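Hi,

Here is the structure I promised to pass on. Have a look at it first, then read my notes below.

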Amino acid sequence: MNGTPPAGRTGPIPSALTAGSAPAPVLQTTGLGRRFGGLQAVSDVDLSIPPGRTIGVIGPNGAGKSTLINLITGHLTPSSGRVLINGVDLTGARPWRVAHAGVARTFQIVKPFRGLTVCDNVAVAALFGPSPARTPTAARKEAAQVLERVGLGGKDPLTTAELSVADARRLELAKALALQPKLLLLDEVLAGLRPVEIDASLQLIDDLKKAGLTLLVVEHIVQAITAVSDEILVLHHGQVLMHGAPDHVLGDERVIEAYLGRRYAKRNRT
Ligand SMILES: Nc1ncnc2c1ncn2[C@@H]1O[C@H](COP(=O)(O)OP(=O)(O)OP(=O)(O)O)[C@@H](O)[C@H]1O
Ligand SMILES: [Mg+2]
């Protein structure tokens, strides 16, 4: 992007994106788009995430949030634009190549390997990543550590059918973390969780941030996304409606109109 604000960016631009000595972005998209027949699901998205930064992505149902993730991870091929991971052009690359470049993601609709135990679900990822475990035994050991980290310690021998909604979401996260990613894309990992479970997940995301991971977090719970994000991007009908600092974005009339609603604005007015 070289300091040129992308289309749709308004408000204060985070200093890491403007400073002359800014580190190279972990993720950069330029003009990224995807069309399904007559529907432009994602349109002209310019995005740049420097190392260690967390960007929150919000928008109404059908805004294109999951499609954006799928375009970045190779689960969908872009109709237009480019995707660079750590400066390497991986536009249209297969998902396994993107994963080997240090990118992991969770799925909005969880995708466990149903025939495997909880432990082996994560061990598969540990065997597959850019620096894979050497043996199944080593992979299971790594898996046990990751399961502990996400709050699934002791559930290693269970089948995935025995997991609650919250635990199934934790397993998604564990599979992603076992790939030892540099960039982690989370698609509604808090959906369907109870408040106490949301707090635990937010704490975990905060720990990941502190460990230096770069994150793109899609979420509907505004308080949650505000708590973890350094900047927020709002998608609307596949386009970037706004992108900037959380306070600025969430106070914007257009964002309130398109997504948050009048009741949110009234409740948060001081
Ligand atoms: N594989 C597909 N084929 C056709 N249309 C699709 C496909 N995937 C997504 N779409 C459409 O693209 C648009 C964006 O969908 P997407 O799932 O990215 O939205 P979203 O912002 O993630 O929504 P939600 O908040 O409900 O998860 C929607 O209109 C959706 O129906
Ligand atoms: Mg979605």
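**What sits around the ligands**

A polar side-chain atom of T67 lies 2.6 Å from an oxygen atom of ligand 1. Q108 does something similar, with a polar side-chain atom 2.8 Å from an oxygen atom of ligand 1, and the side chain of N61 has an N or O atom 3.0 Å from one. These are polar contacts (pairs of N or O atoms within 3.5 Å).

Before you read on: this is a predicted model, where local features need pLDDT of at least 70 and side-chain atom pairs count only at pLDDT 80 or more, while totals for chains, interfaces and linings use all residues. Residues are numbered from 1 along each chain as written, chains are lettered from A and ligands numbered from 1 in the order written, and side-chain values use heavy atoms, with hydrogens and water left out.

Who else is around ligand 1? There are 14 residues (near means a heavy atom within 4 Å), and G62, K65, S66, T67 and Q108 come nearest. By class, the shell has five nonpolar, seven polar and two charged residues; Gly counts as polar here. Helix α2 gives the largest share, three residues (helices are DSSP runs of H or I, at least four residues; strands are runs of E, at least two).

Now the magnesium ion, ligand 2: S66 (OG) and Q108 (OE1) coordinate the ion at 2.0 to 2.1 Å. Donors are N, O and S atoms within 2.8 Å of the metal (3.2 Å for Na, K and Ca), and water is not among the atoms, so the site may look incomplete. S66 is in helix α2, while Q108 is in the loop between β6 (103-105) and α4 (118-128), 42 residues apart.

Cheers

Key
A polar contact is a pair of N or O atoms within 3.5 Å; within protein, one must be able to donate a hydrogen and the other to accept it, and residues adjacent in sequence count only if both atoms are side-chain atoms.
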